[in-house]
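Please read the following report alongside the sequence and the model. It moves from the chain as a whole to a few chosen residues.

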Amino acid sequence: MSESDHQPPRVGLFVTCLVDLFRPSVGFASVKLLEDAGCRVEVPMAQTCCGQPAYNSGDRTDAIAIARNTIETFEDYDYIVAPSGSCAGMLKKHYPALFKDGDWQDRAEAFSAKVHELMSFLVDVMGMEKVAARHEGTVTYHDSCSGLRELKVRDQPRRLLATVSGLKLKEMRDSDVCCGFGGTFCVKYPDISNKIVTEKAANIDASGAETLLAGDLGCLMNMAGKLQREGSSVRVRHVAEILAGLDDKPSIGGGKS
């Protein structure tokens, strides 16, 4: 066995735009969880947006340019991990489809094979079975569309939440139904988006949980805004913050993170 076989896996953390700009505590929580799992984590400064807004808007030229930069920045890592099913889905599922053939398609395929959503990576790849966190209170969990439908992330966060001391999970009705965010969807179709998130907020409140968790910051910000406008007392956090024991910061929409 060579010395390299004993080295911890080298993980490139794809932070995501929303975490970088609006909720950096999610990035710090992700680093802690990955390091607790035995990884060596780096955050490349050359990373940018994953290109999803351009891709979803039909701007293939810009989406390809962004994909090339991301692949060049991360392709030397053992794994690429994102605390977002939406962004991880873009990197893993849609990058290979951007390139028709040749060297870039081969590089996109190789890159895609190393991409994982955070919860899936911790449980499915690193074999994490428990966390040392403590959180007194009841939570409910929203299954974000891309993580659930593109990456099959459903049981992994719940398995880790079950090991948080003091935490009780209360499932909401239709936890796997869209919250109405959908990236550019909420901009293109605001009336439909508002109808969807109105029903989601009602289900969250009806669950009786004190805190709402999910794995995508876009969904969380959308639901937090609606809950606040409805006068709900439910707090909103990214699941990584609870699992990492970093829940001493204000909730999403509740102040500076």
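The text below treats the overall fold, then one loop residue, and then a pair of cysteines.

This is a predicted model, in which local features need pLDDT of at least 70 and side-chain atom pairs count only at pLDDT 80 or more, whereas totals for chains, interfaces and linings use all residues. Residues are numbered from 1 along each chain as its sequence is written, and side-chain values use heavy atoms, with hydrogens and water left out.

**Overall fold**

The chain contains 13 helices and eight strands, where helices (H or I, at least four residues) and strands (E, at least two) are DSSP runs numbered from the N terminus. Its radius of gyration is 18 Å, which agrees with the value near 18 Å expected for a compact globule of 257 residues; this radius is taken over C-alpha atoms, and the globule rule is 2.2 Å times the number of residues to the power 0.38. Along the principal axes, the C-alpha atoms fill a box of roughly 50 × 45 × 30 Å.

Of the 257 residues, 50% count as buried, a class that means under 20% relative accessible area, with exposed over 50% and partly exposed in between (1.4 Å probe, protein chains only). Contacts are defined by heavy atoms within 4.5 Å, and among those between residues at least 6 apart in sequence, 77% join residues at least 24 apart.

**A buried loop residue**

F99 sits in the loop that runs between α5 (85–98) and α6 (102–112). Leaving aside residues up to four places away in sequence, F99 touches R60, I64, A67, R68, I71, W104, Q105 and A108. The C-alpha atoms of F99 and E109, ten residues apart along the chain, are separated by 9.6 Å.

**The cysteines C17 and C49**

A disulfide is a covalent bond between the sulfur atoms of two cysteines; here it is assigned to a pair of cysteine sulfur atoms within 2.5 Å. By this rule the count is zero. C17 is in no disulfide, and the nearest cysteine sulfur, that of C49, is 4.0 Å away. Seen from C49, the closest cysteine sulfur is the one in C17, and the two are not bonded because 4.0 Å is too far for a bond.

The table sets out the accessibility of the residues discussed.

| Residue | Relative accessible area | Class |
|---|---|---|
| F99 | 6% | buried |
| C17 | 32% | partly exposed |
| C49 | 22% | partly exposed |
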